[in-house]
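Visitor: I am new to this structure and would be grateful for a close look at a single part, namely its interior. Please explain what is packed there and how the neighbouring elements are arranged.

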Amino acid sequence: MFTLITIGQTPREDLMKAINIGGVQDVQLVGALDGVSNDEINMLKKTPGEEKLYVVLKNGTANINHDIIEHRVGMLITQYEDSSDAIVLLCMSEFTCTSDQTTIIYPIKELHEKAGDIKNHDTTIIFIPIKEQLKSAELKWGSVKGDKTFVVVHPKSESVLDELNNEIMLHRPNYVILDCYGYEYELVDKIESNHKCTCYNAQHLVVKKLRDLTIVTK
């Protein structure tokens with residue numbers, strides 16, 4: 001059994017879509033904010049913090065302090081580590097939660113590994129979901145070589161593909177990094193078929209990782 005953790009609330013058919021397309025089976029999805037009332041969410045939204053995370057709720061979205069989410073993620077890892085072949089955190093932020101019982105997969109680590117292919121002469125656009133993450137994104141991707149441009153495009157925008165395409169046509173990068181787990185699986189093929197660039201997306205990398213683990217555990 002693979003346990004997937006979203007930092008918001010379930011159900012999330014959009015997140016499971018990539019898992020289903022990729023043919024990954026024996027998966028359960030749980031949410032760090034499952035069971036949290038709207039009143040509690042409103043209180044959490046007011047909690048200050050240097051880094052805010054964009055979370056999808058049953059009734060909308062919110063930007064919530066990273067430390068609050070990390071605490072709740074840690075509790076879920078403790079709850080599910082004994083019954084999971086691996087736990088995947090469906091978020092592109094950096095967390096310190098660990099487990100002695102099972103493998104913890106952080107998409108940011110998978111994406112950083114792929115970004116190691118980027119050279120000094122390359123150009124990269126890094127798309128982020130909200131402007132509040134600009135400072136943390138610059139720190140997070142500071143090790144990426146070459147020229148980097150950070151652009152805010154909300155993954156739930158009705159015109160997300162058009163917005164991405166417009167920025168890519170403007171900057172003509174060698175690489176595109178989609179720095180939010182909410183950017184859909186299909187965007188990689190759409191971007192790479194329309195532009196001469198390589199696109200890295202967390203949903204793609206997580207599906208590949210789970211496929212590899214499925215082969216190992218069989």
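**Packing in the interior**

Guide: Leaving aside its neighbours within four places in sequence, Ile64 is in contact with Leu33, Ile41, Leu44, Lys45, Glu51, Lys52, Leu53, Val55 and Ile69. The model is a predicted one, and every value given here is computed from it.

Two of these partners, Leu33 and Ile69, appear together with Ile64 in a further list. The largest nonpolar core has 59 residues, and Leu33, Ile64, Ile69, Trp141 and Leu210 are those that touch the most other members. Apart from this core there is a second one, made up of 19 residues, among them Ile125, Val160, Val176 and Leu178. In soluble globular proteins, nonpolar side chains tend to be buried together.

Leu33 also leads to a polar residue, Gln9. Gln9 belongs to the loop that lies between β1 (2-6) and α1 (13-21). With a relative accessible area of 7%, Gln9 is buried. Its side chain reaches two backbone atoms: the oxygen of Leu33, at 3.0 Å, and the nitrogen of Lys58, also at 3.0 Å. When residues up to four places away in sequence are not counted, Gln9 touches Leu33, Asp34, Val36, Ile41, Val56, Leu57 and Lys58. Leu33 and Ile41 are thus named among the contacts of Gln9 and among those of Ile64.

Strand β1, at one end of the loop that holds Gln9, is part of an open sheet of four strands. Their order is β2-β1-β5-β6, with parallel pairing. At the edges stand β2 (27-31) and β6 (103-105), each of which pairs on one side only. On average, neighbouring strands in this sheet are turned by 20 degrees against each other, direction ignored. Strand β5 (residues 86-90) runs parallel to β6 and is joined to it by three bridges. Opposite Val88 stands Ile105, a residue of β6.

What of the cysteines? Across the whole structure, a search finds zero disulfides. A disulfide is a covalent bond between the sulfur atoms of two cysteines. Cys97 is buried, at a relative accessible area of 12%, but its sulfur has no bonding partner because the closest cysteine sulfur, in Cys91, is 11 Å from it, too far for a bond. Cys199 likewise counts as buried, at 6% relative accessibility. The closest cysteine sulfur to that of Cys199 is in Cys197, at 6.5 Å, which is also too far for a bond.

Key: Residues numbered from 1 in each chain as written. Predicted model: local features only at pLDDT ≥ 70, side-chain atom pairs only at ≥ 80, totals over all residues. Heavy atoms only, no water. Disulfide = S-S within 2.5 Å. Buried < 20%, exposed > 50% of the residue type's maximum accessible area, 1.4 Å probe, protein only. Pairing = 2+ DSSP bridges. Helix = DSSP H or I, 4+ residues; strand = E, 2+ residues; numbered from the N terminus. Axes fitted to C-alpha atoms, helices over the stretch in contact; angles between N-to-C directions. Polar contact = N/O pair within 3.5 Å; in protein donor to acceptor, adjacent residues only side chain to side chain. Contact = heavy atoms within 4.5 Å. Core = buried A, V, L, I, M, F, W, Y, C linked by side-chain atoms within 4.5 Å.
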